[in-house]
Structure formats: C-alpha cells, structure tokens
Amino acid sequence: MNIAYLTTEAVPFAKTGGLADVCGTLPREVAALGNRCAVVMPAFRQIHRAGIKIETTDISFAIPMSGGKLVGGRLLKAQLPLSQVPVWFIDQPQYFDRESLYGDASGDYPDNAERFAFFCRAALAALPRIGMDVDVLHCNDWQTGLVPGLLRATPEFYPAVCDAPVVMTIHNMAYQGQFPAEAFSWTGLGWAYFNHRSFEFYGHLNFLKAGIAASDFVTTVSPRYAMEICTPHRGCGLDGVLAAKGGDGNRVTGITNGIDVTVWDPVNDPNLPARFDVNSWQQGKTANKLALQEAFSLERSAEVPMLGLVGRLAEQKGWDLILPVLERHVREQRPTQWMILGSGDPGIEADLVRLAEQAPDQVAVRIGFDDALAHQIEAASDLFLMPSHYEPCGLNQLYSLRYGTVPIVTATGGLADTVVNCTPETLADGTATGFHLSEFSPDGLDEAIGRALQMRYHEKKNWDDLVARAMSMDWSWRKSAIQYVELYENAISLSR
C-alpha cells in the first residue's frame, strides 16, 4: 500500500506535543511492514533546526485564495531518520516562517484559518507531484480537517487522490480549529457547502467537524478515548457527529499510541548515568536516583521514594490535585522527594518554584523542557504521577512502564487502557502494572501514593513483580502499526 500522512508536526522537524511523536514514528513503522509511506507537512521555521539535510525541489504551485489572492508555494524534501520515508514540506514563508507553529505569547495567530486552509489545499495540490499513487490518505488533527471535506465536495479538482479512502485521526478532541463563518471563504468553495452536514458548526467554520464528517474512518489514540469522545462529557460538542460516524459500520475506533523504543529504552539510553534492563533494574534505578539527587542537591538516599512528574503544567494534567498533595508533603515533612520538569501555566510555575525554595532538600523543579532530564527522571523515580482530568493516550505512563517507574494515574482515556490498577485480583492473576486513583481529588491522589509506597516498602515481592511485569510489556510502535495497516486494508476494501 501507498500511504500519505498529512500533519503539521513530526519529530524531529516540528513539535508541540504528542502529534509529532506519532507522525514522526508511525510512518516509519508502517513502512517497515512493507508499505510505501510519505509525510506532507508545512515548512515551519522549526524544521531547519532539526539538523537534517533539507533539499529544495523544482516543484511549485499557486493556490487561489479568497478575494482573488493567488498564493504560491514550493516543495522541500527531507527524510524521516532511520527510514527511507520522504517528508515533503509545503514552503510558504508568509504563512509558515514564524517563530512558533500556531501562536505566540498573545495567543493563536489571527490568520490560522487562512494558514491551514492554504496548507490543506496546497497538500492536495502537491500529492500528485510527489511520485506516489496514494492508496490511503491519513489526516491528523484539525489542521488537516479540511482535506476530507474538500475531496468530497469537489472530487473533480483532485482526480489523483479523490478515490483514496481517508482516515482522520483525532489526537485531542479539545482542539477543533473553530473560526468565524467568514473564514470559510479561504476554502475556495461556494457558500452552498457551508452547511450543518460538513463545514458549519453552530454558525462557525469547524475544521475538525469537516474532517470527521467527510472521512471514511475516524481513529483516535486509545480505545477508551474513542468511546469517551462519542459521549457528551468528552465529545466537546461533536459527539453527535462521531456517534453518527460510529453507527455507520463502526467507523470510529481507537488504536493506542506506541513509543519509539530506539529512543526510550533503559538498556541503551545515552542520557542515563547507568543503563539497566528487567534483570538489573534495582541496581540501575538506584544508581540513576543517586546521580539525580546529587545533581539537584537532594538528600542522597536509595531508600527515600522519588516521585517524578514530566510534562505540561496545565489543569488538564491534574495540577489542581498535585499541588495540594505536594504542599501537604512539604508541610508535614514527609519522607518523599519530588522531581518535576515542565512549563505552562505561570501560576503553577510560581507555586512550584516557591515550594522548591521552601523545601530544597525535598522538591526539585526545572521550568522548561530538557529531553535528557526527562529520560533521567523516568529512570530515577520510583513513582510517576499522572492524575489527568482526561488523557487521549498519554506517553509518559508508557515511558514509565518501560523504565520500571510505577505510574499513578486516573482511570481515563489511554491511561485506563495502558495501566492496570493494582488490586488483590490483578496481583493474583499477574496483570497489575500501576495504581489508579480511587477518587478524583487531592485525597484520592494522596491515598494512591500511600498504597504504592506501602507496597514498595512492605510488600517487596509484589513490588518487584509489578516493576518487572511493567518493564516486560510491549508498547512499541510496531504493535500499533500492525493495527493501522489492518485499518488501511479495511478502508481500501470498503472503498472499492
């Protein structure tokens, strides 16, 4: 099969979140299964910082935008690392040569509707010119949502790809690309198409709705999240559109993300002071803990429990639970250490800095992102806290499992799919891999930490079995890629 992936992010070229990890790894893994893949994405300024050679090409085009505006573009080309998968970049400096992908300190760029309408239309113009007969078109998130709608509305404009089935993947339902109605003019379509069956959503243009309505299959990044977004509670207003799609031959499905085991593997991780595997994790994790404690001037002790947190400092990630528990541990001088890396909400950042200054021997905080430190925290910590309000998939709990760091999570989305709660029953049948909160509250989080530490220090065999089981699980992208290939084959079969 020939699969074209449309996305705005792919590691190592451009990244703001998990979308980049998926689109930088999935095409490579699908190609390794014997398929031909290509990635199409904008030529953001970030792509030139990846340290990978980017070639210019002689392929250019012009897209007629609203008001008689003709916008030109050209294709650049590179390759996904460790693969033969080409990455084609839509080069249009007016739209994409900016410091950030989607916005700045003032908020989203005001012309995002125009920018990504151009990207969708330019990608469709580019596909016939990249030397690949596309069998499946795989769109990702709202920024590519106009593509299925444009194909279904005016197939005669896109004869090379109009018969290819379209898979639309939702990485986070909360981001939909909703704009005032007048932004519809950037699609190049007549206003007759601006209706409730496709592009229109309560008087606004909604990129994601257009993608859901016109695609052949909708996927999301875990089976539980696929069920959740079809309900009013997590559907963010589009649950009805998804329910209608799901009712048509069950065309809404969830495939759990994988992790890149060439990057996340304690056996050969170059970021670690001490590498380890499932047979040497006790010594390896102790060595990494002692090294991290020394680096951040924490008490050097193999016995003190280290709680790790890495990621966005945002309410979605459960900081309204974490901060009260951290305050409690500091106030009561509990024998725990907290190792925190992240950035985001200025209020959360300020609270964390204050607590680190108040208890420098107990709390270590690094504001910002440091990839090497993220690996070191996963390797050194005993527990990883991830009490998210919602989580489409989550990757840090998967990294934690692989590094023998027991995750504490809420039973939502991909967290519920990937972390099996430790109970007498799951301990007995050998399936437990972590701990779920019994209730979504600071007390619920603190109680889960207590349960985990009780096992860590007083039920050594159960703890050792838990860690070894977690480290032995297969969360590689290959397993996920096999499921995507089956979906692509099904989509092609149904489209004939």
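1. The sheet. In this predicted model, 6 strands form an open sheet. Their order is 17-16-15-18-19-20, and the pairing is parallel. Strands in a sheet are held in pairs by backbone hydrogen bonds, in either a parallel or an antiparallel arrangement.

2. The edges. Strand 17 (363-367) and strand 20 (435-436) are the edge strands. Each has a single partner strand, so one side of each lacks a neighbour in the sheet.

3. One pair within the sheet. Strand 15 (residues 306-310) and strand 16 (residues 337-342) run parallel and are joined by 5 bridges. To check the register, start at Met306: its bridge partner in strand 16 is Gln337.

4. The helix across the sheet. Helix 9 (residues 319-331) lies across strand 15, strand 16 and strand 17. Against strand 16, helix 9 runs at about 145°.

5. Lys15, the annotation. Turn now to another part of the chain. UniProt lists Lys15 under "binding site", in an unreviewed entry. Lys15 sits in the loop between strand 1 (2-6) and helix 1 (18-32).

6. Lys15, exposure. Is Lys15 buried or exposed? Neither label fits: Lys15 has 40% relative accessibility, so it counts as partly exposed. The class runs between the cut-offs of under 20% for buried and over 50% for exposed.

7. Lys15, surroundings. Leaving aside residues up to four places away in sequence, Lys15 touches Glu9, Ala20, Asp21, Gln46 and Leu101. With Asp21 there is also a polar contact, side chain to side chain, at 3.1 Å.

Notes. Residues are numbered from 1 along each chain as its sequence is written. This is a predicted model: local features need pLDDT of at least 70, side-chain atom pairs count only at pLDDT 80 or more; totals for chains, interfaces and linings use all residues. Side-chain values use heavy atoms; hydrogens and water are left out. UniProt positions are given in the numbering used here, feature names are shortened, and annotations may be inferred rather than shown by experiment. Helices (H or I, at least four residues) and strands (E, at least two) are DSSP runs, numbered from the N terminus. Buried means under 20% relative accessible area, exposed over 50%, partly exposed in between (1.4 Å probe, protein chains only). Contact means heavy atoms within 4.5 Å. A polar contact is a pair of N or O atoms within 3.5 Å; within protein, one must be able to donate a hydrogen and the other to accept it, and residues adjacent in sequence count only if both atoms are side-chain atoms. Two strands pair if DSSP finds at least two bridges between them. Axes are lines fitted to C-alpha atoms, for helices over the stretch in contact, and angles run from 0 to 180 degrees between N-to-C directions.
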